[in-house]
Amino acid sequence: MNIDFSIIWFAIIIFATLMYIIADGFDLGIGIILPLTKDKVQRDTMVNSVAPVWDGNETWLVLGGAALYGAFPLAYAVIIDALTIPLTLMLVGLIFRGVAFEFRVNALPKHRLFWDSAFIGGSILATFCQGITVGAVINGFDVIERRFNGSALDWLTPFPVFCGFALLVTYALLGSSWLIMKTEHKLHRKMCSLTVYLAIILFIVIAIVSLWTPLTHTDIAERWFSLPNLFFLLPVPFFVIGLTWGIVRTAYNYGHYLPFILSLLLVFIGFSGLGISIWPNIIPPNISIWDAASPSSSQKFMLVGAIFIIPIILVYTSWSYYVFRGKVNPNESYH
């Protein structure tokens, strides 16, 4: 039996990317919405809600990057070359955010504003650059003889920039709905109100991206509207409307768990749409996963390690969330 290791590794990268968006998305989202409250206790509670798990969430980013480098070296080389600036800025943002996470809790009162600003700025910068990266990948890259043939600023076009804004809204919704689940009283009510507005804004953003993408990319339009794909995609708009309505309704009624769960489902729908849009290409518009793949012997060797590593990551991540389940106590701090 012939096993297509390229498909297996593509699935692993997609899974790692989705896990990163879900896990790191809500704690980046907390940094994005942190400026909306000035109360010190509320800010501390927001940050403490992810303090025990935030650094473990980024394991998925490392796994996805390493898998791309080993399984699809051509894709890794093109993306790194084409998106050097936004990827570097993303790492700078993550570094500032990580340092601020550790320093703000022990900072003197006169220094607290600086570290809060670093946490906020790092979260916004990292998220915006991730969105730009997604938009640039959808736009595709000019590759000639297996080398990127464009300029270092090809990503600086309206669609990737709008995708950066779209991801800011997405992560902000994940952050606010996470805080609905983790907080109580005044902060809980504030996050419920914010989630209602963010869900509506995200719905509008999804509608714009869904129209913009096929109108500017004929290959994606053909993939979406050709048969039988059209029949599979027809229910998607109704799912998006239903999930948005569910988020708004449950948040408006001061729910606890459902807003976050429904937000995750909405993100999953959007992420699935991205995958459908570019499949089977890993470097749009015309480099497939098989064109960019490393030798099957290399993929097979790496898969042995992945079979052990991925379950371990899932177990310790699940255990961390289980141990720190429930509402955050505002009287307890992160040290």
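How much of residues 260–282 is helix, and how much is strand? Select that span in this predicted model. The chain there is 83% helix and 9% strand. Its end C-alpha atoms are 30 Å apart.

Residues 260–282 also appear in an unreviewed UniProt entry, listed under "transmembrane region". Residues 117–138 are in that list too. Select them next. This span is 100% helix and 0% strand, with end C-alpha atoms 32 Å apart.

Now zoom out to the whole chain. Its secondary structure comes to 14 helices and four strands. The radius of gyration is 20 Å, close to the 20 Å from the globule rule for 335 residues, so the chain is as compact as a globular protein of that length. Along the principal axes, the C-alpha atoms fill a box of roughly 60 × 40 × 40 Å. Buried residues make up 49% of the chain. Color the surface by element: carbon and sulfur atoms hold 72% of about 16800 Å² of accessible surface.

Go to helix H4, residues 59–71. Its 13 residues should span 18 Å at 1.5 Å a residue, and the end C-alpha atoms are indeed 18 Å apart. Show the side chains of Trp 60, Leu 63 and Leu 68, which are among the buried residues of H4. What do the buried residues of H4 pack against? Their partners include H1, helix H5 (73–82) and helix H14 (296–323).

Finish in H1, residues 5–33, at Asp 27. Is Asp 27 buried or exposed? Asp 27 counts as buried because its relative accessibility is 0%. Beyond its neighbours within four places in sequence, Asp 27 contacts Val 50, Trp 54, Asn 57, Arg 97 and Phe 119.

Methods. Residues numbered from 1 in each chain as written. Predicted model: local features only at pLDDT ≥ 70, side-chain atom pairs only at ≥ 80, totals over all residues. Heavy atoms only, no water. Helix = DSSP H or I, 4+ residues; strand = E, 2+ residues; numbered from the N terminus. Buried < 20%, exposed > 50% of the residue type's maximum accessible area, 1.4 Å probe, protein only. Contact = heavy atoms within 4.5 Å. UniProt positions renumbered as here; feature names shortened; annotations may be inferred. Expected span 1.5 Å × (residues − 1). Rg over C-alpha atoms; globule rule 2.2 N^0.38 Å. Areas by Shrake-Rupley, 256 points an atom, 1.4 Å probe, with all protein chains shown as cover.
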